[in-house]
Amino acid sequence: MTTTPEATEAAAALDDSFHVFDTTLRDGAQREGINLTVADKLTIARHLDDFGVGFIEGGWPGANPRDTEFFARARAEISFKHAKLVAFGATRRAGGSAAEDPQVRALLASGAPVITLVAKSHDRHVELALRTTLDENLEMVRDTVSHLVAEGRRVFVDCEHFFDGYRANPAYAKSVVRTAHEAGADVVILCDTNGGMLPAQVTAVVATVLADTGARLGIHAQDDTGCAVANTLAAVDAGATHVQCTANGYGERVGNANLFPVVAALEIKYGRQVLPEGALAEMTRISHAIAEVVNLTPSTHQPYVGVSAFAHKAGLHASAIKVDPDLYQHIDPERVGNTMRMLVSDMAGRASIELKGKELGVDLGGDRALVSRVVERVKERELQGYTYEAADASFELLLRAEVEGRARKYFRTESWRAIVEDRPDGTHANEATVKLWAKGERIVATAEGNGPVNALDRALRVALERFYPQLAKFELVDYKVRILEGKHGTESTTRVLISTTDGSRDWSTVGVAPNVIAASWQALEDAFTYGLLRAGVEPPE
C-alpha cells in the first residue's frame, strides 16, 4: 500500500488525536443480505478513502480466503490518500506463543500497517468460550500485542462484550484494558457487542475506565437499542477519541453505529474536524454509492443523507421555509451534499407550491391566482388518488400546464388496447396496440411484451421513435401498484407509480384509474412526455 503526497498532506491537516475508524468491510459485511466479493470490497475501500476516514478495517486475513485476497489486492491496486488499512484478528490461542500462532502470522503477512485484535473482557466468556483461565487470557492479550508491536505494527484492541463484562466483573474488565495498554496497544476499544447499552451508562463507564486505566479509549457500539450513534457520541463526551462505525449502519442483527451521522455530528455539532477539508460535502454521494455496491436500496429517511432528510410536506413548514429555510432545518443540507425538497400533496399550501416551482425551475411570477389554482388542483387530484410527493415529473407537467395555459403534448392518443391470451400450454401472450397522432400523422403500432404494461411501453416506442429518437434512451426502472379504497365497498381505484431513466437522471410519474392497465397508460404517457421535455424537445404546434 503506497503513500501518496495527498496522504502526507492529509496527515498534516488531521493529526492523530481523533480517529474515525470504519469497519464496513468486516463488521458491516455481517449484515443479513450483504455478500461482498473482493471487487466489491475494493470499491467500497476506495469510496471510504475518498470520504477521508482514517482507518479502514478490511477483514480477517487467514480466517477466510476472500479476506486474504482482499489484502493482497489492496496492497497492489489501491494508493490510499487518507486511510490506513487495518487487518482484524484474535489474540493467540491459550497455552501457545504469539510468535508461533498461525493466525497471528497471517495478520503480519497481510501487510496491513495496523492490526485490530479482538480480546475477551467478560470473565464468563473467557471461561466458557475460550475455556481458559482469567490470568491466561491476560497473558494472551499481553503476548499478542507486544509481539505485533515488536514487528512494527500499530495495534488496536477490541474488548469484546466489554460493557456486559464490566457490569459482571468491573475489576477484571479493567484489567484487560490495562494489560493491552501496557503491552503497547495504541487504543483500547470498549465494545457494546450486544448493543444493549444506553447513553448515560456509556458515559459513566467510559469516564471511569479512562480515569482508572490511563489507556486511550475507543468505542464500538451496536444498535440493538437504537442508540448506537448516541452511545458513540456519549463515549466521546466521556473522553473516547476513537469511534468505530460502518457506512449506513450496516452490521449484524440491526447494525452498527452509522458512520455518517456520527461524523456529521462531530464536525457540525461538536465543531471537531475529523475529515479532510471539504469531505463532508461528499457524504450523501458516498453513502448512496456504497449502498449501490452492497445492492441495498438507500434508506430514504436516514439522517443527513436520506432523500427525505430535508424534505418538507406540511404547508406550515413551507410557509416558514419560504421566509428562512433554517426555521425547519437543523443544518444547510448542502453541507452534507444533500438538497432540500418540497413535497407536494393535499397538505400543500401556497408556499409549498411556490417553493416547489422554484425547485423545478418553473417561474410562477408571483401570480397569487395561479398559485391558488395549482393548490386546488393538487388537492382535487390527490382526493382522486394521485400522489405527487412521489411523482415530481407528473407534478411538473401539471404545473407547466397551468402556467402555460395548455398541456405539453408530443402525441395525442386516439385509443389503445392490451390483450392477454391464456394458451393451452399454460403460457401467456401479451400484445398491445396503440393508435396515436404525432406531428400530423396517424400511427397504428402493435408490440408484444412480457406483460400488458411492457407491451404498451413497446408499442408506444414502435409508434413514436422515428419522430422522437430520444425515446431509445428511456428505460422503465421501477413499477409500483397500489390498490386504493373506493367510495363504495367493493369498488377500488388503482394507483401506478413508474420510474424512468435516460441513463443520466431518473423521474417518476403517476397514473390513477379504475384498473391497473389504464393507470399504467397514464403514467407511461407522463413518463414519455416528461422525458422529451427534459431532453429539450419542443412539442409540435
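**Reading helix H2 and its neighbours**

Modeller: In this predicted model, H2 and H3 lie oblique to each other.

Colleague: Happy to start there! Which numbers describe how the axes of H2 and H3 come together and cross?

Modeller: Angles from 65 to 115 degrees count as roughly perpendicular and those under 35 as roughly parallel, with oblique for the rest apart from the roughly antiparallel ones over 145. Here the axes of H2 (residues 38-51) and H3 (residues 65-77) cross at roughly 50° and come within 9 Å. That crossing is right-handed.

Colleague: Which residues of H2 meet H3?

Modeller: A general idea helps first: an α-helix has 3.6 residues a turn, so residues three or four places apart point the same way. In this case, H2 brings Val38, Lys41, Leu42, Ala45 and Arg46. Their partners in H3 are Arg66, Asp67, Glu69, Phe70, Arg73, Ala74 and Glu77. Sorted by class, the contact has seven charged residues, five nonpolar and no polar ones.

Colleague: Is H2 mostly covered or uncovered?

Modeller: A residue counts as buried when its relative accessible area is under 20%. In H2, 10 of the 14 residues are buried, so the helix is mostly covered. Among them are Ile44, His47, Leu48 and Phe51. The cover includes strands S1 (19-22) and S2 (55-59), along with H3, H11 (259-269) and H12 (283-294).

Colleague: And what span should H2 have at 1.5 Å a residue?

Modeller: Its 14 residues should span 20 Å, and the end C-alpha atoms are 20 Å apart, so the two agree. After H2 comes Gly52, with a positive phi near 100°.

How values were computed:
Residues numbered from 1 in each chain as written. Predicted model: local features only at pLDDT ≥ 70, side-chain atom pairs only at ≥ 80, totals over all residues. Heavy atoms only, no water. Axes fitted to C-alpha atoms, helices over the stretch in contact; angles between N-to-C directions. Helix = DSSP H or I, 4+ residues; strand = E, 2+ residues; numbered from the N terminus. Left-handed = near helix turned anticlockwise from the far one by under 90°. Contact = heavy atoms within 4.5 Å. Nonpolar A, V, L, I, M, F, W, Y, C, P; charged D, E, K, R; others polar. Expected span 1.5 Å × (residues − 1). Buried < 20%, exposed > 50% of the residue type's maximum accessible area, 1.4 Å probe, protein only.
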